[in-house]
Amino acid sequence: PQAVYLSDYTPPAYLVNQVHLTFRLAPEATRVISKIAFRPNPEAQNSDFFLHGENLRLIRAAIDGAEIKPDITPEGLRATVPDAPFTFEAEVEINPAANTALEGLYMSNGMYCTQCEAEGFRKITYYPDRPDVMSVFSVRIEGDAPVLLSNGDAVAQGAGFAEWHDPWPKPAYLFALVAGDLINHPDRFTTRSGRDVELNIWVRPGDEGKCAFGMEALKKSMTWDEEVYGREYDLDIFNIVAVDDFNMGAMENKGLNIFNSSCVLSTPETSTDANFERIEAIIAHEYFHNWTGNRITCRDWFQLCLKEGLTVYRDSEFTSDMRSAPVKRISDVIDLRARQFREDNGPLAHPVRPASFVEINNFYTATVYEKGAELIGMLKRLVGDEAYKKALNLYFERHDGQACTIEDWLAVFQEVTGRDLAQFKLWYEEAGTPRLKVRDEFKDGTYTLHFEQQTPATPGQDTKHPRVIPIAVGLLGANGDEVQETRVLEMTQAAQSFSFHGLASRPIPSILRDFSAPVVLERDTTNAERAFLLAHDTDPFNKWEAGRALARDGLIAMIREGAAPDPAYLDAVQTMARDETLDPAFRALALGLPSEDDLAQALFDMGSTPDPQAIWEALEQLRNARAKHIEGVARELYKAHQVTAPYRPDAEQSGARALSNAALAIISRIDGGALAARQFESADNMTQQLAAWSCLLQAGAGEAATQAFYDQWQGDRLVIDKWFSLQIVHASPEDTAEAASRLANHADFNIRNPNRFRATFGAMVMSPAGFHHASGKGYRLLAEWLIRLDPLNPQTTARMCSAFETWRRYDAARQTLIKAELDRILDTPGLSRDTTEMVTRIRG
Ligand code: DPP
Ligand code: ZN
């Protein structure tokens, strides 16, 4: 497969004035009739008329009404055209029923649905399928489904047809069409300037009771974007549709967002607090794309972070405003380290703005999204809130209606602040997580921090340059008082020192507060100091971080030296847990432990070869020791934080449940699941039910609950996904692969449904001791199923190959086993471009 390079970008040869599409829907033979008004682009560097098109059966094509016989290749169509505006018409036939890749127009439970980002529109009809070609679309849908939807406003409807017009020019990747037997949950929203907007969430009959929370989230998002970014909605209707078979979480098509049903449908009985929070965030994310993504889009797919990094940043600000900002920050960093740092440390490392790709679908990554969002946060910290606001206003004003680049984005900040952002831009161009080493010194009332930064080489990028790093620092006195409030140090050199003067005694530093930059901070320190920061730091992130580091160091000593669980950690965590001045949600997070994968990476960074089984055993040993040590506290917490009010998925109640369920997990290690069994019986919401069932599984006493849970939820796909994954997650490492294999052969397994596939095999790879079982059975099972899935759904297959990305951390025997599976996948005849690229990069 051929790579595409950012440096090869050329402007489109032809631009589109308007598009008219007619769809005659039929499951196996849908006709798409297009009429596209083109004009030559004055900025073009050639006059080649090429339209993308894949798997289309061309029935006829014409230019200015005269039939033509274009050259057709597997990638598209070429024709000779006039050197003046002209109209291109085509009629093609496609087969939505056979489309299992879920890209282009496909069917899900009898409903027609599209997914065009990034390059799916070319599977619908011939078109310049690139984001810098923007046009106004009108769409006519003919079909017998009761509900026929597309982008923009409905202009005509009747028996068997509907016509839609979207007045906002958009790239083809934002096109959407939905047709089916759907029911709406309606509402209205009046924008700040008085536009009355009709809102709908469309679902399959039977799901209409699962929309209320999503609708509230949508209205909150609309208000928030007006208040915080001054952005209003711009059509008279906003539709959301829930679809069961979907590769991503959701998609921001103009005026017609399409959601994986797991990211929009909810009820207290079927969804956990975490599900509710995620739904709120994803609804916000897709809605916010209306300005950051749709009104201002990307010039080319290398600029994906322009819309994704910014929109993730915006949705994280929204969640911080709706819920607890510190809890959101800590959760985001846990996720960033688990997914993005892992990616940055391995063979798939790539810059936030990649310079080349083979298949763009492989670049919807934690690096583009989550690290991309971190860059926005750093930029804001560097320029300040006021300048950020001004720069954003300038960005919206100047680039509305345009397809832009990272250069355009940085230029507005340069103009508003007068600051040279050339060094900042390295964050977009160089892959890898900087290591930030720090040592300190105190002399004559002056306290100095000496920093050194170094970024490890990544594939294709051996040389790294010093970055600009905002390091938020505060200093504490021996009694816990803050002697220096948070100050942002701006590091720009490979090595740099910063001093604080006039101090009475040696302070205790709190460095990288609020996780002010996506770096790995390395500092030699003591357990006593960590316990002190856990008790006294005024910065919630660093308070949590101190506890996390204490736990991690203790675990590493257990794994490497066979040490006993660290009493300093056990005492500190006990004090923290019963500190009623702390938010319960914070305490629940602080009771978490580093993941098996985090520990594997930490050991590897220290020059040790991680043993997944030993890591798992150390974690179990620590959890058991901790349960013995703080059982009494856990029982107090469990009682004190029971929620008696009617269920609400808000921050307060979720926090209380998170803490009482963390306590339940501790108690279950002592009582064998007795209390969990009672909670399982009495639970009236999924958060409580699932937590109790998890504890029972963990205690080896889950059999009856497993059956009861299935009997209760058999008809609910999203709950049954949980039933699949939890059994695998809680299997012992010896049985992880067997559990996954058994469930993959269960009558309810469906290889065509990405949620179910991920619930099964995603759960397996999230259990490292089981997945990395020394026999290689986890590797074999995953490879087998990826080989089966690839011809059906390349995108989801390729995504899941990243389970293998950490292979170089492990011992020679495991490396050999993994390489054999990677080779087996690569040798599969007809392997997709998506999977070929991923496996080739992982193999190195
Ligand atoms: N649907 C994906 C997202 O919203 C891609 N745009 O991030
Ligand atoms: Zn997005």
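Two strands are said to pair if DSSP finds at least two bridges between them, and strands (E, at least two residues), like helices (H or I, at least four), are DSSP runs numbered from the N terminus. The model is predicted, so that local features need pLDDT of at least 70 and side-chain atom pairs count only at pLDDT 80 or more, while totals for chains, interfaces and linings use all residues. Residues are numbered from 1 along each chain as its sequence is written, and chains are lettered from A and ligands numbered from 1 in the order in which they are written.

**Exercise 1. The sheet of 3 strands**

Give the strand order of the open sheet of 3 strands, and state which strands stand at its edges.

Solution. Step one is to read the order, which is 28-27-30, with antiparallel pairing. Step two is to find the edges: strand 28 (482-491) and strand 30 (508-511) each have a single partner strand, so one side of each is left without a neighbour in the sheet. Step three adds the geometry, for neighbouring strands of this sheet are turned by 25° against each other on average, direction ignored, where axes are lines fitted to C-alpha atoms (for helices over the stretch in contact) and angles run from 0 to 180 degrees between N-to-C directions. Step four looks inside the sheet, where strand 27 (residues 469-476) pairs with strand 28 in the antiparallel sense over 7 bridges, and P470 stands opposite E490 in strand 28.

**Exercise 2. The sheet of 8 strands**

Trace the open sheet of 8 strands and describe how strands 2, 3, 12 and 15 are joined within it.

Solution. Begin with the order, 6-5-9-3-2-12-15-14, in which the pairing is mixed. The edge strands are strand 6 (66-67) and strand 14 (153-158), each of which pairs on one side only. Next, follow the pairings:

- Strand 2 (residues 14-24) runs antiparallel to strand 3 (residues 30-40) over 10 bridges, a hairpin of 5 residues joins the two, and H20 stands opposite K35 in strand 3.
- Strand 2 also pairs with strand 12 (residues 135-142), here in the parallel sense and over 7 bridges, with F137 in strand 12 as the bridge partner of V19.
- Strand 12 is joined by 7 bridges to strand 15 (residues 161-170), and these two run antiparallel; the bridge partner of R140 is E163 in strand 15.

**Exercise 3. The shell around ligand 1**

List the residues that surround ligand 1, and sort the shell by class.

Solution. A residue counts as near a molecule or strand if its C-beta atom, placed from the backbone, lies within 6 Å of it. The residues around ligand 1 are E117, M248, A250, M251, E252, H285, E286, H289 and E308. Strand 20 (250-251) and helix 2 (273-288) each supply at least two residues of this shell. The classes come to 3 nonpolar, 2 polar and 4 charged residues, given that Ala, Val, Leu, Ile, Met, Phe, Trp, Tyr, Cys and Pro count as nonpolar, Asp, Glu, Lys and Arg as charged, and the others, Gly among them, as polar. A backbone detail concerns one of the shell residues, E117: the peptide bond from E117 to A118 is cis, with omega near 0°, and A118 lies in the loop between strand 11 (111-115) and strand 12.

**Exercise 4. Two helix pairs**

Describe how helix 9 packs with helix 11, and how helix 20 is arranged with helix 21.

Solution. Two packed helices are described by the angle between their axes and the distance between the axes. For helix 9 (residues 527-536) and helix 11 (residues 567-577), the angle is about 5° and the axes are 10 Å apart. The two are therefore roughly parallel to each other, since angles under 35 degrees count as roughly parallel, over 145 as roughly antiparallel, 65 to 115 as roughly perpendicular and the rest as oblique. Residues are in contact if their C-beta atoms, placed from the backbone, lie within 7 Å, and here N527, A531, L534 and A535 in helix 9 meet A568, A572, T575 and M576 in helix 11.

The axes of helix 20 (residues 736-744) and helix 21 (residues 754-765) come within 10 Å and cross at roughly 175°, which makes helix 20 roughly antiparallel to helix 21. The contact is made by T736, A737, A740, L743 and A744 of helix 20 with T760, F761 and M764 of helix 21. By class, this contact has 6 nonpolar, 2 polar and no charged residues.

Key:
Two residues are in contact if their C-beta atoms, placed from the backbone, lie within 7 Å.
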